[in-house]
Amino acid sequence: MTPSRPYLLRALNEWILDNHLTPYVVVDASLQGVEVPRDFVSNGQIVLNISPQAVRGLSIGNDYLEFSARFGGVPRQVSVPVMAVLAIYAKENGQGMVFGSEPGGAPEPPSNKGKPGTPPAPPPKGGGREGSKPSLKIVK
């Protein structure tokens, strides 16, 4: 069977937008094929706002998530293999999904605080400034 991750990404993105919230994705920037602005990578990950207000030409295909956006005022093209997406969540309430490994997909992300198979949480809101971290919840 084909991996379910691209289908879940598309569905959760639509669900988040339908609820008038802001979809963010957490990407493992260390995987091969990930083309993101390296200045914004922290601890091997980058959190990307994929809302229609933040990006142009968003495409979530079966193999790649692609769009163009401005980073620090500079336009950039972003291309991420779907298997490098670790999570998708709504910025405002943290609801979304953390992805595990799938057969034929990317290796299991590094563990967080000694909990095997748990991807690290997204960075705090505001680019590392003081504030609360969004919580991630699995949507079933």
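Which residue of strand 5 stands opposite Ser68? In the predicted model examined here, local features require a pLDDT of at least 70 and side-chain atom pairs count only at pLDDT 80 or more, whereas totals for chains, interfaces and linings use all residues. Residues are numbered from 1 along each chain as its sequence is written, and side-chain values use heavy atoms, with hydrogens and water left out.

The chain contains 1 helix and 8 strands, where helices (H or I, at least four residues) and strands (E, at least two) are DSSP runs numbered from the N terminus. Their succession along the sequence is α-β-β-β-β-β-β-β-β. Of the 140 residues in the chain, 36% are buried, a class defined by under 20% relative accessible area, with exposed meaning over 50% and partly exposed in between (1.4 Å probe, protein chains only). The accessible surface of the chain amounts to about 8200 Å², and carbon and sulfur atoms contribute 51% of this area; accessible areas come from the Shrake-Rupley method with a 1.4 Å probe, and for residues only the protein chains shown count as cover. Among contacts (heavy atoms within 4.5 Å) with a separation of 6 or more, 53% involve residues 24 or more positions apart.

Strands 3, 4 and 5 constitute an open sheet of 3 strands in the order 3-4-5, with antiparallel pairing; two strands are taken to pair if DSSP finds at least two bridges between them. Strand 3 (55-60) and strand 5 each have a single partner strand and stand at the edges, so one side of each is left without a neighbour in the sheet. On average, neighbouring strands of this sheet are turned by 15° against each other, direction ignored; axes are lines fitted to C-alpha atoms, for helices over the stretch in contact, and angles run from 0 to 180 degrees between N-to-C directions.

The antiparallel pairing of strand 4 (residues 64-71) with strand 5 (residues 74-81) extends over 8 bridges. Within strand 5, Gln77 stands opposite Ser68, and Val78 is the bridge partner of Phe67. The two strands, 4 and 5, form a hairpin with 2 residues between them, and Gly72 in the turn has a positive phi of about 60°.

Helix 1 (residues 5-18) includes Asn13. Asn13 counts as buried because its relative accessibility is 8%. When residues up to four places away in sequence are not counted, Asn13 touches Pro23, Ile50, Leu58, Ile60 and Ile88.
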